[in-house]
Amino acid sequence: MRGWLAAWLVCLLAALPAGAATPGDVDPQAPLTFGILPIGGPAESLEAWRPMLDDLQKALGRQVRPVSVTTYEGIAQAISEQRVDIAFLSGRLALDAVTRQNMQVIGQLTRGDGSRGYYAVLVVAADSRLRTLAQLFAHPGKWRFARGEALSVSGYLVPETQLFANRGVDSDTFFASVHVDNHQNNALAVSNGEVDVATNNTADLERFQQHFPEQYARLRILWKSSLIPHAVIVIRNDLPATLRAQVAAFITGYGKGKDGPREEANLKRIHDISGFAPAGNAELVPFADIEYTLEQRRASSAQWVSEGARDARFHKIRSDHDGLVARLRGK
């Protein structure tokens, strides 16, 4: 099965643009580097991914070296410096990798429950005085807030666009204080009474419940977003087409072959996932839409010398967004 799929993917990937570099520029003996989106701590992420990456290394007959960092900015920088060949990324990071760093989407995370994505949430303490969003927004400068990094989809981008921007609110200036950290630490901050409200997501909360059941019991969800597509795997376009096809076939076939039970156990270690489905750059269109909303909000709050200048800016934002969506969809 994997042999047939690899052959099909060679044809598919060879037809895609390879960017400025050529496959001949890549050292065929150099280790491949696999960038890991920080989930929890870097050591924990490395431990979770190591069994699958060991299998990838055996399948390719080539060393695969993991790159795990503590922040979203760290993985973004590693990609921009071309220190990463393959990466597991959230949609916003993947959008930058595809549009600016000569990479392409080859697979998307799947879960055993069949869900097509996850949800951003606001969490408060179970016994918090905050019972409704109306109470939250009725008191500017009162609540202590914890959120994710600016590149975090559920920790910042989705709540900012779907919840705060819709009310003309900038979360960085609305609250009494703003603390930036990862999902796990932000959930702990709420449960320990260090902040009043924090962003998180349903997938990370499931993991949080497993690791910190007592603290999880002290949390309550105040708000939930619309569905966010799952994270994706991206790969550099300047790797040889045959190698890209091998990697794509391995990743999308992992857990589905003759060694399925062992591979499924390895996948479960990675954020409790069931595998990866074949995917392309079009999966990133929802994240382009998020960026479009943020750009519109920035333009709306800016000061303009004239209505003409303002209208021209909005026209460019729309034109750039339409062009990006067409590019992602291969049109």
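Reader: Hi! How many cavities of 30 Å³ or more does the structure hold?

Author: Hello! This is a predicted model, and the structure holds one cavity of 30 Å³ or more.

Reader: Thanks. What volume does the largest cavity have?

Author: The volume of the largest cavity comes to about 40 Å³.

Reader: And which residues line the largest cavity?

Author: Its lining is made of H183, Q184, N200, D204, R207 and F208. By class, that lining has one nonpolar, three polar and two charged residues.

Reader: Which helices supply at least two residues each there?

Author: Both α8 and α9 do, for the lining of the largest cavity. The largest share is from α9, with three residues.

Reader: Nice. Let's switch to pockets. How much space lies in the second largest pocket?

Author: The second largest pocket has about 430 Å³ of space.

Reader: Which of its lining residues are the closest to the centre?

Author: Those would be L37, Y72, H183, N201 and D204, out of 30 residues that line the second largest pocket. You may recognise H183 and D204, since both also belong to the lining of the largest cavity.

Reader: Good catch! Which elements give two or more residues to that pocket lining?

Author: For the second largest pocket, they are α6, α8 (183–191) and α9 (202–211). Of the elements, α9 gives the most, with three residues.

Reader: And how does the pocket lining divide by class, nonpolar, polar and charged?

Author: In the second largest pocket there are twelve nonpolar, 13 polar and five charged lining residues.

Reader: You mentioned α6. At what angle do the axes of α6 and α13 cross?

Author: Helix α6 (residues 153–164) and helix α13 (residues 285–301) have axes that cross at roughly 55° and come within 9 Å.

Reader: What do you call that arrangement, and why?

Author: Oblique: an angle of 35 to 65 degrees is neither roughly parallel nor roughly perpendicular, and α6 and α13 are therefore oblique to each other.

Reader: Is the crossing left-handed or right-handed?

Author: It's a left-handed crossing where α6 passes α13.

Reader: Which residues meet in that contact?

Author: From α6 come V153, L157, V158, E160 and T161, and they meet F287, I290, E291, T293, L294 and R297 of α13. Sorted by class, the contact of α6 with α13 has six nonpolar, two polar and three charged residues.

Reader: Great, that covers my list. Cheers!

Author: Happy to help!

How values were computed
Residues are numbered from 1 along each chain as its sequence is written. This is a predicted model: local features need pLDDT of at least 70, side-chain atom pairs count only at pLDDT 80 or more; totals for chains, interfaces and linings use all residues. Side-chain values use heavy atoms; hydrogens and water are left out. Axes are lines fitted to C-alpha atoms, for helices over the stretch in contact, and angles run from 0 to 180 degrees between N-to-C directions. Helices (H or I, at least four residues) and strands (E, at least two) are DSSP runs, numbered from the N terminus. Angles under 35 degrees count as roughly parallel, over 145 as roughly antiparallel, 65 to 115 as roughly perpendicular and the rest as oblique. A crossing is left-handed if the near helix is turned anticlockwise from the far one by less than a right angle, and right-handed if clockwise. Contact means heavy atoms within 4.5 Å. Ala, Val, Leu, Ile, Met, Phe, Trp, Tyr, Cys and Pro count as nonpolar, Asp, Glu, Lys and Arg as charged, and the others, Gly among them, as polar. On a 1 Å grid over the protein atoms alone, a cavity is a set of points where a 1.4 Å probe fits but cannot get out, and a pocket is an open set with protein on both sides within 12 Å along at least five of seven lines; lining residues have an atom within 4 Å of a point. Grid points are joined across faces, edges and corners, and a volume is the space filled by probe spheres set on the points.
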